[in-house]
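Dear colleague,

I am passing on the structure we spoke about, with notes on what was found in it. Please read them beside the model itself.

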Amino acid sequence: YEFDEPHRPQYHFSPPEQWMNDPNGMVYLDGEYHLFYQHYPDSNVWGPMHWGHAISTDMIHWEHLPIALYPDSLGYIFSGSAVIDHGNTSGLGTNGIDPMIAIYTYHHQEDPQSQGIAFSNDKGRSWTKYDKNPVLKSPGIPDFRDPKVSWYEDADGNGKWIMTLAVKDRISFYSSPNLIDWKHESDFQPDWAAYGGVWECPDLFTLKTTGGEEKWVLLVSINPGGPNGGSATQYFIGDFDGGQFSAEGEKVKWIDYGTDNYAGVTWSNIPENDGRRLFLGWMSNWQYANIVPTTEWRSAMTLPRSLELISIADEDYLASRPVAEISNLLSQNATSNENPILLENPLAEIKLKASDAGNKSIVLSNKEGESLLISMDMEQLKIDRSKAGKVDFSEVFSAIQHAPLEGLKVEEVTLYLDRSSIEIFINDGEMVMTTIFFPSSSFNSVEHTGFVQKAEIAYFQSIWK
Ligand code: FRU
């Protein structure tokens, strides 16, 4: 593979060829970050799902490995998670090894979805499906999927596995001593949440507030019904007691307001001395994922991000920030006083500081005169990609995207520009928008108003070279 085809991202993960959607089975083991993903190796559109596989030592440079899981008589292999079974609770480890266990959904044309498991005793290189799959059958609801499993310990040190599962329009929690026998604990379905579509790809984890208090965070992807149409990920902050999750407040919150960050979840088994909650999303939207103008491969992942709780006007929010490891790829920061800024290389990190509280705009453009417009007033941030290149493959692709800025004082805007995507971080991740586009040639000019003249620019090397 060239990894240099038109629009191919140069510092974001994409599959070697053909179709990709959700990130799956993200787990860290012995210096390696594993990334599995929804994959159809025979076509560039969605079809019978497999788990593709790649590994990285820094979440930035990726080595593609053979497909880990193939569909079988129980169905396609839909999304799910992976854990390291410390203490071999499943008994599936051999020779004293704590196995890596994948917990995924079986999707069968005729039956409701069910959960299966597979194990690896060689650090994810080879996989065996459990011979008594499925381990969890649906009580009858067809949408019963995307298990995210984690280890839960109560104050007395008693532990069990918790499965967080998306069940149509709610989250169901199951528990297990061994990853094989599962017991229903509770359902979460607050009446004020976003229900514009089916609930998918949940995640459950703890984070500390700025005041040092531990809180539980529940991510729930939803499709359609996102703030800018189609797919998006809402989140809840609250408490989990080992059986039941309860949310604080009644405000719908989104992890990313752009159109193109979906089905994101976090890595499991990150060492305690690292302590970060590391996230990756699929950089597309079911509204047009199957028809975006790429041929050899389809879709990429977002930059890996670290999730943190922040407080704005006494309310907790989830902030996302690109992981520090991206500096492995970045040149030294240079400052630029020109406006427009001519980029030496279209793979860039661009930091702009607000000059005052007034309206702001950033226009990215190329030599063909195509442009992406980002604008901000006191109330909202808008992205207009209607003139950013190819748009006529989809009726909705040209729609203006909006994100609320009330309560936020925009001080700094950081842009991560790749050949066919931009990730916009306001004030160190207080608000994020991710969006994709397909220009005739990469954007190489940045014109800004409402920011100080001096911009900070750093360039990315390609991860494929
Ligand atoms: C989310 C999703 C999941 C499902 C998978 C199928 O994008 O619809 O709910 O497991 O994709 O590929």
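Domain bounds here come from an automatic or database domain assignment. On that basis the protein has domain 1 (18–322) and domain 2 (330–459), and their C-alpha centres lie 30 Å apart. Please keep in mind that this is a predicted model, in which local features need pLDDT of at least 70 and side-chain atom pairs count only at pLDDT 80 or more, whereas totals for chains, interfaces and linings use all residues. Residues are numbered from 1 along each chain as its sequence is written.

The contact between the domains (C-beta atoms, placed from the backbone, within 7 Å) takes 25 residues from domain 1 and 26 residues from domain 2. On the domain 1 side, strand 22 (305–312) and strand 23 (315–322) are the elements that give two or more residues, and strand 23 provides the largest share, four residues. Strands here are DSSP runs of E, at least two residues long, numbered from the N terminus.

As for the ligand, the residues around it, meaning those with a C-beta atom, placed from the backbone, within 6 Å, are N21, D22, Q38, M49, F78, S79, T105, R145, D146, E200, C201 and A263. Two or more of these residues come from each of strand 1 (18–29), strand 5 (76–84), strand 10 (145–153) and strand 14 (198–208). By class, the shell holds four nonpolar, four polar and four charged residues, with Ala, Val, Leu, Ile, Met, Phe, Trp, Tyr, Cys and Pro counted as nonpolar, Asp, Glu, Lys and Arg as charged, and the others, Gly among them, as polar.

Best regards

Note on methods
Contact = placed C-beta atoms within 7 Å.
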